[in-house]
Amino acid sequence: MFSLNVPVPGQVDRLASELHPKLTRFERIRERHTLLAKRFDTALDDDADSLPRLRERLRPIIRERRGGRSGIDLRVTGLDYFETPPRGPGPVVYLTVESPDLHALHRRLCESFGTVEGMEGDGYVPHVTLARGGRIADADDLVDRTDIEPIAWTAKEVQIWDSRYREPAARVPLR
């Protein structure tokens with residue numbers, strides 16, 4: 001299965017590394033940090049399992065955005081958690097991401113490729129997952145006791161992620 005991800009800068013990876021000791025009380029700590037823009041699901045769209053068709057369909061959607069401006073402006077603003085995520089064990093501890101640009105892109109992608117129920121559309125919450133599984137009380141305590149310095153960046157590309165091989169399958173520039 002493919003997804004469209006926004007690469008995160010080294011500052012976000014460093015922040016995740018600094019938070020690592022506080023995350024050891026959770027069952028799984030995420031080592032790779034990405035920001036999901038859209039999942040592609042073959043139940044919603046036949047092109048979802050074809051990298052060449054997916055890439056070609058993405059190009060005009062990405063080009064139409066933002067009136068010629070390049071990049072997506074993003075900002076990590078804090079720490080939060082999903083108590084009961086739609087998939088997998090909870091809680092899911094994550095860095096919150098604010099980005100009107102990303103929300104607009106996500107809406108256009110959902111219009112073109114369908115919406116994964118419970119995770120996308122109105123329920124879409126841009127975030128960078130740090131850890132999952134464990135006690136809600138630990139997640140609540142971590143969020144209450146941890147202040148995050150905001151990190152702002154402009155993404156210049158998005159990546160089509162191949163979950164089978166756990167690596168980027170293609171890059172699409174944001175021009």
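**Figure 1. Meet the whole chain, where residues 24 or more positions apart account for 77% of the contacts with a separation of 6 or more.** This is a predicted model. The chain has four helices and nine strands. Followed along the sequence, these elements come in the order β-α-β-β-α-β-β-α-β-α-β-β-β. The C-alpha trace spans about 45 × 35 × 30 Å along its principal axes. For 175 residues, a compact globule would have a radius of gyration near 16 Å, and the chain agrees with that at 16 Å. Of the 175 residues, 47% are buried. The surface that the chain exposes comes to about 9,200 Å², with carbon and sulfur atoms supplying 44% of it.

**Figure 2. A look into the largest pocket, with a volume of about 1,100 Å³.** Rolling a probe the size of a water molecule over the atoms shows where empty space is left. Here, 30 residues line the largest pocket. If you would like to find its centre, look for R30, L36, R39, T129 and R132, the lining residues that lie nearest to it. Four strands each supply at least two residues of the lining: β1 (2-7), β2 (28-29), β3 (34-39) and β6 (127-132). By type, the lining divides into 12 nonpolar, 10 polar and eight charged residues.

**Figure 3. V97, a residue of strand β5 (residues 92-98).** Is V97 buried or exposed? With a relative accessible area of 7%, V97 is buried, because the cut-off for buried is under 20%. Setting aside residues up to four places away in sequence, V97 touches L35, L74, R75, V76, P126, H127 and V128. The view also takes in T129, which is 32 residues from V97 along the chain, with 11 Å between their C-alpha atoms. You have met T129 already, among the residues nearest the centre of the largest pocket.

**Figure 4. R145, a residue of helix α4 (residues 136-145).** R145 has a relative accessible area of 66%, so this residue counts as exposed, the cut-off being over 50%. Where does D80 sit relative to R145? The two are 65 residues apart in sequence, and their C-alpha atoms are 11 Å apart in space.

**Figure 5. Two spots to check in the backbone, at P91 and R166.** Most residues other than glycine have a negative phi, and most peptide bonds are trans. The bond that joins G90 and P91 is a cis peptide bond, with omega about -5 degrees. To find P91, go to the loop between β4 (72-82) and β5. R166 has a positive phi, near 55 degrees, and is a residue other than glycine. R166 belongs to the loop between β8 (157-162) and β9 (167-173). At 57% relative accessibility, R166 is exposed.

**Figure 6. D41, in the loop between β3 and α2 (51-64).** Which residues is D41 in contact with, leaving aside its neighbours within four places in sequence? They are M1, A48 and V116. F113 is also worth finding in this view: 72 residues separate D41 and F113 along the chain, while their C-alpha atoms are separated by 8.1 Å.

Definitions and conventions
Residues numbered from 1 in each chain as written. Predicted model: local features only at pLDDT ≥ 70, side-chain atom pairs only at ≥ 80, totals over all residues. Heavy atoms only, no water. 1 Å grid on protein atoms, 1.4 Å probe; cavity = no way out; pocket = protein on both sides within 12 Å on 5 of 7 lines; lining within 4 Å. Points joined across faces, edges and corners; volume = space filled by probe spheres on them. Nonpolar A, V, L, I, M, F, W, Y, C, P; charged D, E, K, R; others polar. Rg over C-alpha atoms; globule rule 2.2 N^0.38 Å. Buried < 20%, exposed > 50% of the residue type's maximum accessible area, 1.4 Å probe, protein only. Contact = heavy atoms within 4.5 Å. Areas by Shrake-Rupley, 256 points an atom, 1.4 Å probe, with all protein chains shown as cover.
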